[in-house]
Amino acid sequence: MASALLTAKGDETEVNDTLNRREADHPRETYQTPANVVSDDDLSSKQKIDILQYWKTDVDARLRAQGEGMGGSDPISAGKEAGLADEMRLLNQAIASLEE
């Protein structure tokens, strides 16, 4: 799934190859936290940023869906939204640490 999205963007071939190599449809399949991406010595800084940006795009879409009520009437939607907001904060911190 991620491979198709990344290929459609064109110049993110490195990330596409990295995700394929790790057989992951999403960075969460390989990395438990954004900090794990940052500490992966097998990736270049660009690859790390690209993976984190892809992850961030996914979290942003999920946050928008929760905000638009697409999370359904799930009684834990507020908890899910808070978890996604925390994940976004961690992603932003990880990206910022690599861009310094």
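Helices (H or I, at least four residues) and strands (E, at least two) are taken here as DSSP runs, numbered from the N terminus. The model is predicted: local features need pLDDT of at least 70 and side-chain atom pairs count only at pLDDT 80 or more, while totals for chains, interfaces and linings use all residues. Residues are numbered from 1 along each chain as its sequence is written, and side-chain values use heavy atoms, with hydrogens and water left out.

**The whole chain**

Begin with the protein chain in a cartoon view. It contains 6 helices and 0 strands, in the sequence order α-α-α-α-α-α. Switch next to a surface view: the accessible surface (Shrake-Rupley method, 1.4 Å probe; for residues, only the protein chains shown count as cover) comes to about 6000 Å², and carbon and sulfur atoms supply 50% of that area. Of the 100 residues, 35% are buried; buried means under 20% relative accessible area, exposed over 50%, and partly exposed in between (1.4 Å probe, protein chains only). A contact is defined as heavy atoms within 4.5 Å. Among contacts in the protein chain with a separation of 6 or more, 55% are between residues 24 or more positions apart.

**Helix 6**

Select residues 77–99, which form helix 6. This helix has 23 residues and reaches 33 Å from its first C-alpha to its last, close to the 33 Å expected (1.5 Å times one less than the number of residues). Colour its buried residues: S77, L84, E87, M88, L91, A94, I95 and L98.

**The nonpolar core**

Show side chains for V37, L52, W55 and V59, the residues with the most contacts inside the largest nonpolar core, which has 15 residues. Helix 5 (45–67) and helix 6 are the elements that give two or more residues to this core. Such a core is a set of buried Ala, Val, Leu, Ile, Met, Phe, Trp, Tyr and Cys residues joined through side-chain atoms within 4.5 Å. In soluble globular proteins, nonpolar side chains tend to be buried together.

Now centre the view on L52. Leaving aside neighbours within four places in sequence, L52 is in contact with P34, V37, V38, L91, A94, I95 and L98.

**The salt-bridge network**

The structure holds 6 salt bridges, each a side-chain nitrogen of Lys or Arg within 4 Å of a carboxyl oxygen of Asp or Glu. Select R28 and D58, whose side chains form one of them (3.3 Å, N to O). This pair links distant parts of the chain, with R28 in helix 3 (residues 27–30) and D58 in helix 5, 30 residues apart.

Add E87, which meets R28 in a salt bridge at 2.9 Å, N to O. Here helix 6 is linked to helix 3 by residues 59 apart in the chain.

Which residue of this pair is buried? E87 counts as buried because its relative accessibility is 15%, whereas R28, at 31%, counts as partly exposed. D58 is also partly exposed, at 23%.

Finally, add R62, which forms a salt bridge with D58, the closest N and O atoms being 3.9 Å apart. Both residues lie in helix 5, 4 residues apart, about one turn of the helix. Through shared partners, salt bridges join R28, D58, R62 and E87 into one network.
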